[in-house]
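Below is a short report on a structural model. It covers salt bridges, one helix and one loop residue.

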Amino acid sequence: MSMEFETRVTIPHSESFEEREKGLESEEESEEELSDWELKRPEDLVPSDFSMYDDDPKPFHIYTRSFVYKNEAQVEKEKQIKIAMADYRERSRNLSRFDAIAPPKIAELCGSIIPLPIDDDLRLVLTPLCNVALEKYNDDNQDANFVLTDIVKTTWSPGGMYYITFQAQDPSNTHATTFQAQVHQMCRGPPKVISCAIKT
C-alpha cells in the first residue's frame, strides 16, 4: 500500500507580498551581520580570522582544536582575575565553610561557597532547616532539648547546600548555645542533615 503526502504552504491573509519580501530581506541582512569567521567551518579557522577583536575593549576569546585566540582585553581580564584570586585565597585560607567569604565577582566562579545576607525571605528558608538539624541533634543526644532562638549567618553552595550558624537554647539553661549545621535542601523530598554540632 503506497501513501502519498501533499505539502502545502499557506500564506496568512494578513501578510501582503510586500511584507513577506521585507521579512526575507531582514533574514538576509541578519546573515550579513555574521562575522566572516562565523561562516567558516571550525577546522578552517585561523588566528587572523579574529583580528577585528584585537583592540576591542570587550574581552573575547575562543578555543579551537589547533589554537587559542585571546584579545588584549581578555588577556588583561585574566591578569586581574589571577590577582583577585590570589588575594581571595590568602584571605580565605583558614576559614571554614561556615565562615566563607564571597569570591571576587570578576572571577565568575561556579561551585563556590558564598555568604548570603540574611533577610526575612531567607529566614523563611533557613528556619525549617535549622529546626530539622536541631531535631537530629536532640535525637542523637538523648538529654538535649534545644529550641532555635536565632539565625546568625549562613553560606551556600550551588546545589542547595547550606552551612548555617545559629543559636538555640535548652529550656534547662538560660544561655544560648551556638550551633553549626550543614543541611542539603533537596530539590525533591525533605532536607538532609549532613551534620549538626555545637560550635567549638
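## Lysine 153 and its partner

Lysine 153 is partly exposed, because its relative accessibility is 32% and the partly exposed class runs between 20% and 50%. In this predicted model, its side chain meets that of aspartate 99 in a salt bridge, 2.4 Å from N to O. The pair links distant parts of the chain. Lysine 153 sits in strand S4, aspartate 99 in the loop between H2 and S3, and 54 residues separate them. Aspartate 99 has 25% relative accessibility, so it also counts as partly exposed.

## Other salt bridges

The structure holds nine salt bridges. Side chains of opposite charge can pair when their charged atoms come close.

Lysine 40 pairs with aspartate 49, with the closest N and O atoms 3.0 Å apart. Lysine 40 is partly exposed at 36%. Aspartate 49 is buried, because its relative accessibility is 15% and the cut-off for buried is under 20%. Arg41, Glu43 and Asp44 are linked in a salt-bridge network.

Within helix H3, aspartate 140 forms a salt bridge with lysine 136, the closest N and O atoms being 2.9 Å apart. The two residues are four apart, about one turn of the helix. Aspartate 140 is exposed, with a relative accessible area of 51%. Lysine 136 is partly exposed at 35%.

## Helix H3

Helix H3 covers residues 120–140, 21 residues in total. At 1.5 Å a residue it should span 30 Å, and its end C-alpha atoms are 30 Å apart, so the two values agree. A kink of about 30 degrees lies at leucine 126, shortly before proline 128. At the start of H3, a side-chain oxygen of aspartate 119 comes within 3.3 Å of the backbone nitrogen of aspartate 121.

The buried residues of H3 are Leu122, Leu126, Leu129, Cys130, Ala133, Leu134, Tyr137 and Asn138. They pack against strands S3 (114–116), S4 (147–157), S5 (161–169), S6 (177–184) and S7 (192–198). Leucine 126, the site of the kink, is one of these buried residues.

## Asparagine 71

Is asparagine 71 buried or exposed? With 1% relative accessibility, asparagine 71 counts as buried. Its place is the loop between strand S2 (68–70) and helix H2 (72–92).

A polar atom of the asparagine 71 side chain lies 2.9 Å from the backbone oxygen of lysine 58. Leaving aside residues up to four places away in sequence, asparagine 71 touches Tyr53, Asp54, Asp56, Lys58, Pro59 and Phe60.

Methods
Residues numbered from 1 in each chain as written. Predicted model: local features only at pLDDT ≥ 70, side-chain atom pairs only at ≥ 80, totals over all residues. Heavy atoms only, no water. Buried < 20%, exposed > 50% of the residue type's maximum accessible area, 1.4 Å probe, protein only. Polar contact = N/O pair within 3.5 Å; in protein donor to acceptor, adjacent residues only side chain to side chain. Contact = heavy atoms within 4.5 Å. Expected span 1.5 Å × (residues − 1). Bend = angle between axes of the 7 residues up to and from the residue. Salt bridge = Lys/Arg side-chain N within 4 Å of Asp/Glu carboxyl O.
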